[in-house]
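Please open the structure in your viewer and keep the selection tool at hand. The stops below are meant to be taken in order, with a pause at each one.

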Amino acid sequence: MLAYTYKSHGVFELMQKDKPQILDSKDAIVRITMSSICSSDIHIKHGFVSKAVPGITVGHEMVGVVEETGADVKNVKKGDRVTVNVETFCGECFFCKNGYVNNCTDKNGGWALGCRIDGGQAEYIRVPFANQGLNKIPDTVCDEQALFVGDILATGFWAARICEIKEDDTVLIIGAGPTGICTLLCVMLKNPKKIIVCEKDKTRRDFVEKHYPNVIVTEPENCIKTVNMESEHRGADVVLEVAGSEDTFKMAYLAARPNAVVTIVALYDKPMILPLPDMYGKNLTFKTGGVDGCDCDEILSLIEQGKIDTTPLITHKYSLQNIEKAYEIFEKRQENVIKIAIVNP
(Lines give C-alpha, C1' and ligand atoms only; values in the text may rest on other atoms or scores of the structure.)
Protein backbone atom coordinates (compact mmCIF):
# COMPACT_ATOMS: atom_id res chain seq x y z
CA MET A 1 0.00 0.00 0.00
CA LEU A 2 1.01 3.65 -0.34
CA ALA A 3 2.09 5.34 2.89
CA TYR A 4 3.57 8.79 3.55
CA THR A 5 6.57 8.07 5.75
CA TYR A 6 8.89 9.95 8.11
CA LYS A 7 12.26 8.90 6.71
CA SER A 8 14.65 11.19 8.58
CA HIS A 9 14.98 14.72 9.89
CA GLY A 10 13.33 16.99 7.33
CA VAL A 11 12.41 14.14 4.96
CA PHE A 12 8.96 12.62 4.33
CA GLU A 13 8.49 10.19 1.44
CA LEU A 14 5.53 8.49 -0.24
CA MET A 15 6.47 4.83 -0.43
CA GLN A 16 5.12 1.30 -0.65
CA LYS A 17 4.60 -0.62 2.61
CA ASP A 18 2.89 -3.85 3.56
CA LYS A 19 -0.77 -3.59 4.45
CA PRO A 20 -1.06 -3.68 8.28
CA GLN A 21 -2.24 -6.83 10.01
CA ILE A 22 -4.11 -7.55 13.25
CA LEU A 23 -1.47 -7.89 15.98
CA ASP A 24 -3.73 -7.97 19.04
CA SER A 25 -7.30 -9.06 19.70
CA LYS A 26 -8.21 -5.40 20.44
CA ASP A 27 -6.92 -4.14 17.06
CA ALA A 28 -8.90 -3.09 14.01
CA ILE A 29 -7.77 -2.50 10.44
CA VAL A 30 -9.35 0.56 8.84
CA ARG A 31 -9.33 1.42 5.13
CA ILE A 32 -8.67 5.15 5.02
CA THR A 33 -11.08 7.13 2.86
CA MET A 34 -9.94 10.61 3.88
CA SER A 35 -7.13 12.07 5.96
CA SER A 36 -5.66 15.49 6.59
CA ILE A 37 -2.40 17.27 7.32
CA CYS A 38 -1.85 18.76 10.78
CA SER A 39 0.74 21.26 11.95
CA SER A 40 1.97 18.51 14.29
CA ASP A 41 3.01 16.57 11.17
CA ILE A 42 5.15 19.55 10.22
CA HIS A 43 6.62 19.55 13.73
CA ILE A 44 7.58 15.88 13.25
CA LYS A 45 9.21 16.63 9.90
CA HIS A 46 11.46 19.26 11.43
CA GLY A 47 12.40 17.34 14.55
CA PHE A 48 10.27 19.17 17.13
CA VAL A 49 8.53 15.96 18.31
CA SER A 50 11.16 13.96 20.17
CA LYS A 51 8.95 10.86 20.49
CA ALA A 52 8.42 10.55 16.73
CA VAL A 53 10.01 7.40 15.30
CA PRO A 54 11.73 7.49 11.87
CA GLY A 55 10.13 4.97 9.54
CA ILE A 56 6.57 5.48 10.79
CA THR A 57 3.69 6.41 8.52
CA VAL A 58 2.61 9.91 9.50
CA GLY A 59 -0.91 11.29 9.89
CA HIS A 60 -3.34 11.31 12.79
CA GLU A 61 -6.46 12.97 11.33
CA MET A 62 -8.54 10.47 9.37
CA VAL A 63 -11.81 8.71 8.72
CA GLY A 64 -12.40 5.38 7.03
CA VAL A 65 -14.20 2.06 6.88
CA VAL A 66 -13.51 -0.87 9.19
CA GLU A 67 -11.91 -3.66 7.19
CA GLU A 68 -11.17 -6.22 9.90
CA THR A 69 -11.44 -6.50 13.70
CA GLY A 70 -9.76 -8.51 16.42
CA ALA A 71 -11.77 -10.96 18.51
CA ASP A 72 -12.21 -8.51 21.41
CA VAL A 73 -13.45 -5.57 19.36
CA LYS A 74 -17.17 -5.19 20.08
CA ASN A 75 -18.01 -1.52 19.44
CA VAL A 76 -17.43 -1.54 15.68
CA LYS A 77 -17.66 -4.15 12.94
CA LYS A 78 -16.53 -4.66 9.38
CA GLY A 79 -18.12 -2.11 7.07
CA ASP A 80 -18.70 0.59 9.69
CA ARG A 81 -17.68 4.14 8.75
CA VAL A 82 -15.55 5.49 11.59
CA THR A 83 -13.51 8.38 12.88
CA VAL A 84 -10.08 7.51 14.27
CA ASN A 85 -9.05 9.09 17.56
CA VAL A 86 -5.66 10.82 17.61
CA GLU A 87 -5.04 9.13 20.96
CA THR A 88 -4.61 5.49 21.76
CA PHE A 89 -5.97 4.56 25.17
CA CYS A 90 -6.70 1.34 27.02
CA GLY A 91 -9.79 2.54 28.89
CA GLU A 92 -8.73 0.64 32.01
CA CYS A 93 -5.86 2.48 33.73
CA PHE A 94 -6.30 5.25 36.35
CA PHE A 95 -5.93 8.03 33.80
CA CYS A 96 -8.35 6.54 31.28
CA LYS A 97 -11.00 5.90 33.94
CA ASN A 98 -10.77 9.54 34.99
CA GLY A 99 -11.00 10.87 31.44
CA TYR A 100 -7.31 11.76 31.09
CA VAL A 101 -6.84 9.49 28.10
CA ASN A 102 -3.85 11.45 26.80
CA ASN A 103 -1.95 10.04 29.76
CA CYS A 104 -2.90 6.38 29.28
CA THR A 105 -0.18 4.22 30.83
CA ASP A 106 -0.15 1.60 28.06
CA LYS A 107 3.04 1.57 25.99
CA ASN A 108 1.02 2.82 23.02
CA GLY A 109 -1.04 5.22 25.12
CA GLY A 110 -1.48 8.89 24.25
CA TRP A 111 -0.47 10.22 20.86
CA ALA A 112 0.89 7.12 19.16
CA LEU A 113 -0.69 7.04 15.69
CA GLY A 114 1.48 8.84 13.18
CA CYS A 115 4.11 9.50 15.82
CA ARG A 116 5.28 6.29 17.49
CA ILE A 117 3.30 3.77 15.40
CA ASP A 118 2.08 3.94 11.82
CA GLY A 119 -0.56 6.59 11.16
CA GLY A 120 -3.20 7.34 8.59
CA GLN A 121 -1.73 9.15 5.59
CA ALA A 122 -1.90 5.80 3.88
CA GLU A 123 -4.38 3.38 2.38
CA TYR A 124 -4.84 1.38 5.59
CA ILE A 125 -4.10 1.73 9.30
CA ARG A 126 -3.99 -0.60 12.30
CA VAL A 127 -5.78 0.97 15.27
CA PRO A 128 -4.92 -0.47 18.71
CA PHE A 129 -7.66 -0.47 21.37
CA ALA A 130 -10.23 -0.04 18.64
CA ASN A 131 -13.16 -0.15 21.08
CA GLN A 132 -12.00 3.22 22.39
CA GLY A 133 -10.15 4.57 19.35
CA LEU A 134 -12.92 4.29 16.75
CA ASN A 135 -16.28 6.06 16.71
CA LYS A 136 -19.06 5.21 14.27
CA ILE A 137 -20.04 8.04 11.94
CA PRO A 138 -23.81 8.61 11.67
CA ASP A 139 -25.26 7.81 8.25
CA THR A 140 -26.25 11.45 7.71
CA VAL A 141 -22.70 12.73 8.35
CA CYS A 142 -20.24 12.70 5.44
CA ASP A 143 -16.49 12.17 5.59
CA GLU A 144 -15.75 15.89 5.26
CA GLN A 145 -17.98 16.68 8.24
CA ALA A 146 -16.34 14.02 10.41
CA LEU A 147 -12.72 14.44 9.30
CA PHE A 148 -11.50 16.54 12.24
CA VAL A 149 -13.47 14.82 15.00
CA GLY A 150 -10.59 12.68 16.28
CA ASP A 151 -8.01 15.45 16.53
CA ILE A 152 -8.38 19.22 16.17
CA LEU A 153 -12.13 19.25 16.85
CA ALA A 154 -11.62 17.02 19.89
CA THR A 155 -8.87 19.45 20.93
CA GLY A 156 -11.18 22.44 20.66
CA PHE A 157 -13.94 20.60 22.51
CA TRP A 158 -11.56 19.59 25.32
CA ALA A 159 -10.19 23.13 25.62
CA ALA A 160 -13.65 24.71 25.79
CA ARG A 161 -14.74 22.11 28.35
CA ILE A 162 -11.91 22.72 30.83
CA CYS A 163 -12.04 26.52 30.61
CA GLU A 164 -15.01 26.91 32.96
CA ILE A 165 -16.72 29.35 30.56
CA LYS A 166 -19.79 31.16 31.91
CA GLU A 167 -22.45 32.98 29.91
CA ASP A 168 -21.38 36.43 31.13
CA ASP A 169 -17.72 35.87 30.22
CA THR A 170 -15.55 37.60 27.67
CA VAL A 171 -13.43 34.88 26.03
CA LEU A 172 -10.23 35.58 24.09
CA ILE A 173 -8.97 33.01 21.57
CA ILE A 174 -5.44 33.67 20.34
CA GLY A 175 -4.90 32.12 16.92
CA ALA A 176 -7.34 31.43 14.09
CA GLY A 177 -5.60 28.54 12.43
CA PRO A 178 -7.46 25.23 12.03
CA THR A 179 -7.27 24.34 15.73
CA GLY A 180 -8.13 27.90 16.71
CA ILE A 181 -11.26 27.84 14.57
CA CYS A 182 -12.28 24.43 15.95
CA THR A 183 -11.77 25.87 19.43
CA LEU A 184 -13.91 28.86 18.46
CA LEU A 185 -16.74 26.57 17.30
CA CYS A 186 -16.69 24.73 20.63
CA VAL A 187 -16.48 27.94 22.68
CA MET A 188 -19.55 29.22 20.78
CA LEU A 189 -21.49 26.22 22.15
CA LYS A 190 -20.93 27.67 25.65
CA ASN A 191 -22.69 30.95 24.70
CA PRO A 192 -20.34 33.41 26.42
CA LYS A 193 -21.27 37.08 26.35
CA LYS A 194 -18.42 38.00 23.99
CA ILE A 195 -15.80 36.12 21.98
CA ILE A 196 -12.67 37.87 20.71
CA VAL A 197 -10.35 36.20 18.21
CA CYS A 198 -6.81 37.52 17.76
CA GLU A 199 -5.00 36.52 14.56
CA LYS A 200 -2.07 38.11 12.73
CA ASP A 201 -2.90 36.71 9.27
CA LYS A 202 -5.39 38.90 7.41
CA THR A 203 -6.76 36.02 5.33
CA ARG A 204 -7.64 34.12 8.47
CA ARG A 205 -9.13 37.21 10.11
CA ASP A 206 -11.28 37.63 7.01
CA PHE A 207 -12.31 33.96 7.23
CA VAL A 208 -13.52 34.39 10.81
CA GLU A 209 -15.37 37.62 10.00
CA LYS A 210 -17.08 35.97 7.02
CA HIS A 211 -18.19 32.76 8.71
CA TYR A 212 -18.71 33.93 12.32
CA PRO A 213 -19.97 37.53 12.14
CA ASN A 214 -20.82 37.79 15.85
CA VAL A 215 -17.18 37.26 16.83
CA ILE A 216 -14.94 40.27 17.51
CA VAL A 217 -11.75 40.00 15.44
CA THR A 218 -8.50 41.82 16.14
CA GLU A 219 -4.84 41.73 15.16
CA PRO A 220 -2.03 41.23 17.73
CA GLU A 221 -0.97 44.88 17.91
CA ASN A 222 -4.49 45.89 18.99
CA CYS A 223 -5.36 42.81 21.02
CA ILE A 224 -4.83 44.14 24.55
CA LYS A 225 -6.62 47.39 23.71
CA THR A 226 -9.56 45.50 22.20
CA VAL A 227 -9.83 43.12 25.15
CA ASN A 228 -9.77 45.96 27.65
CA MET A 229 -12.42 47.84 25.69
CA GLU A 230 -14.72 44.84 25.32
CA SER A 231 -14.33 43.35 28.80
CA GLU A 232 -15.68 44.55 32.14
CA HIS A 233 -12.96 43.40 34.53
CA ARG A 234 -9.57 44.63 33.24
CA GLY A 235 -9.12 41.74 30.82
CA ALA A 236 -10.60 38.56 29.43
CA ASP A 237 -12.31 36.17 31.83
CA VAL A 238 -11.00 33.20 29.84
CA VAL A 239 -8.04 33.05 27.46
CA LEU A 240 -7.26 30.17 25.10
CA GLU A 241 -3.79 30.28 23.53
CA VAL A 242 -3.90 28.32 20.27
CA ALA A 243 -1.17 30.03 18.23
CA GLY A 244 2.02 28.68 19.78
CA SER A 245 4.62 31.46 19.68
CA GLU A 246 6.55 33.26 22.40
CA ASP A 247 4.64 36.46 21.65
CA THR A 248 1.22 34.80 21.85
CA PHE A 249 2.15 33.01 25.07
CA LYS A 250 3.01 36.38 26.59
CA MET A 251 -0.17 37.92 25.22
CA ALA A 252 -2.26 35.19 26.86
CA TYR A 253 -1.31 36.12 30.42
CA LEU A 254 -1.19 39.87 29.75
CA ALA A 255 -4.72 39.89 28.28
CA ALA A 256 -6.23 37.88 31.14
CA ARG A 257 -7.98 39.67 33.96
CA PRO A 258 -6.96 38.92 37.57
CA ASN A 259 -8.16 35.45 38.64
CA ALA A 260 -8.85 34.41 35.03
CA VAL A 261 -8.36 30.98 33.49
CA VAL A 262 -5.66 30.71 30.81
CA THR A 263 -5.73 27.47 28.81
CA ILE A 264 -2.70 26.60 26.71
CA VAL A 265 -3.88 24.64 23.67
CA ALA A 266 -0.85 25.32 21.46
CA LEU A 267 2.18 23.09 20.95
CA TYR A 268 5.44 25.07 21.26
CA ASP A 269 8.80 24.30 19.69
CA LYS A 270 10.77 25.60 22.69
CA PRO A 271 10.21 26.21 26.43
CA MET A 272 8.09 29.16 27.52
CA ILE A 273 8.84 31.21 30.65
CA LEU A 274 6.36 32.83 33.02
CA PRO A 275 7.60 36.03 34.72
CA LEU A 276 6.15 35.01 38.07
CA PRO A 277 7.44 38.04 40.05
CA ASP A 278 5.67 40.38 37.62
CA MET A 279 2.51 38.27 37.78
CA TYR A 280 2.39 38.01 41.56
CA GLY A 281 -1.09 38.81 42.81
CA LYS A 282 -2.78 38.36 39.46
CA ASN A 283 -3.82 34.89 40.64
CA LEU A 284 -4.17 33.28 37.22
CA THR A 285 -5.11 29.63 36.77
CA PHE A 286 -3.19 27.95 33.95
CA LYS A 287 -4.46 24.78 32.28
CA THR A 288 -2.16 23.00 29.86
CA GLY A 289 -1.58 19.77 28.03
CA GLY A 290 -2.57 17.63 25.11
CA VAL A 291 -6.15 16.90 24.16
CA ASP A 292 -8.08 14.28 26.12
CA GLY A 293 -10.04 13.01 23.14
CA CYS A 294 -12.79 11.06 24.85
CA ASP A 295 -15.77 13.13 23.66
CA CYS A 296 -15.89 12.01 20.02
CA ASP A 297 -19.35 10.43 20.21
CA GLU A 298 -20.77 13.66 21.64
CA ILE A 299 -19.00 15.70 18.97
CA LEU A 300 -20.39 13.47 16.20
CA SER A 301 -23.87 13.93 17.67
CA LEU A 302 -23.44 17.72 17.63
CA ILE A 303 -22.33 17.54 13.99
CA GLU A 304 -25.36 15.39 13.16
CA GLN A 305 -27.61 17.99 14.83
CA GLY A 306 -26.03 20.79 12.78
CA LYS A 307 -24.50 22.49 15.83
CA ILE A 308 -20.88 22.11 14.61
CA ASP A 309 -19.73 22.44 11.02
CA THR A 310 -16.02 22.33 10.17
CA THR A 311 -16.41 21.80 6.43
CA PRO A 312 -15.53 25.46 5.61
CA LEU A 313 -12.02 24.72 6.92
CA ILE A 314 -11.36 22.33 4.01
CA THR A 315 -9.98 24.70 1.39
CA HIS A 316 -8.08 22.12 -0.70
CA LYS A 317 -8.35 18.44 -1.68
CA TYR A 318 -5.61 16.19 -3.04
CA SER A 319 -5.25 12.48 -3.66
CA LEU A 320 -2.82 10.42 -1.60
CA GLN A 321 -0.65 10.11 -4.72
CA ASN A 322 -0.25 13.92 -4.70
CA ILE A 323 0.28 14.34 -0.97
CA GLU A 324 3.71 15.91 -1.41
CA LYS A 325 2.14 18.84 -3.24
CA ALA A 326 -0.46 19.12 -0.50
CA TYR A 327 2.29 19.29 2.14
CA GLU A 328 4.09 22.03 0.22
CA ILE A 329 0.94 24.15 0.09
CA PHE A 330 0.10 23.52 3.75
CA GLU A 331 3.58 24.08 5.16
CA LYS A 332 4.19 27.25 3.15
CA ARG A 333 0.63 28.51 3.71
CA GLN A 334 0.06 29.02 0.02
CA GLU A 335 -3.25 29.72 -1.74
CA ASN A 336 -4.97 30.87 1.49
CA VAL A 337 -4.94 27.27 2.73
CA ILE A 338 -6.58 26.34 6.00
CA LYS A 339 -6.94 22.55 5.86
CA ILE A 340 -6.31 20.00 3.13
CA ALA A 341 -8.29 16.79 2.73
CA ILE A 342 -6.28 13.86 1.37
CA VAL A 343 -8.80 11.68 -0.48
CA ASN A 344 -8.29 7.98 -1.10
CA PRO A 345 -10.24 6.40 -3.98
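This tour of a predicted model goes from a strand to its pairing partners and then to a pocket.

Begin by selecting strand S3, which covers residues 28-36. Is this strand largely enclosed by the rest of the structure, or left open? Of its 9 residues, 8 are buried, with under 20% relative accessible area, so S3 is largely enclosed by the rest of the structure.

Keep S3 on display and add strand S4, residues 61-69, which pairs with S3 in the antiparallel sense over 8 bridges. To find one point of contact in this pairing, select Ile-32 and look across to S4, where Gly-64 is its bridge partner.

Next, add strand S8, residues 124-127, which runs antiparallel to S3 and is joined to it by 4 bridges. Selecting Ile-29 here leads you to Arg-126, its bridge partner in S8.

Then bring in strand S17, residues 339-343, which also pairs with S3 in the antiparallel sense, through 3 bridges. In this pairing, Ser-36 stands opposite Ala-341 of S17.

For the last stop, return to Arg-126, the residue in S8 that you reached from Ile-29, and turn to the second largest pocket, which holds about 190 Å³ of space. Arg-126 is among the residues closest to the centre of this pocket, together with Pro-20, Gln-21, Asp-118 and Ile-125, out of 15 that line it. If you colour the lining by residue type, you should find 7 nonpolar, 3 polar and 5 charged residues.

Definitions and conventions:
Residues are numbered from 1 along each chain as its sequence is written. This is a predicted model: local features need pLDDT of at least 70, side-chain atom pairs count only at pLDDT 80 or more; totals for chains, interfaces and linings use all residues. Side-chain values use heavy atoms; hydrogens and water are left out. On a 1 Å grid over the protein atoms alone, a cavity is a set of points where a 1.4 Å probe fits but cannot get out, and a pocket is an open set with protein on both sides within 12 Å along at least five of seven lines; lining residues have an atom within 4 Å of a point. Grid points are joined across faces, edges and corners, and a volume is the space filled by probe spheres set on the points. Ala, Val, Leu, Ile, Met, Phe, Trp, Tyr, Cys and Pro count as nonpolar, Asp, Glu, Lys and Arg as charged, and the others, Gly among them, as polar. Buried means under 20% relative accessible area, exposed over 50%, partly exposed in between (1.4 Å probe, protein chains only). Helices (H or I, at least four residues) and strands (E, at least two) are DSSP runs, numbered from the N terminus. Two strands pair if DSSP finds at least two bridges between them.
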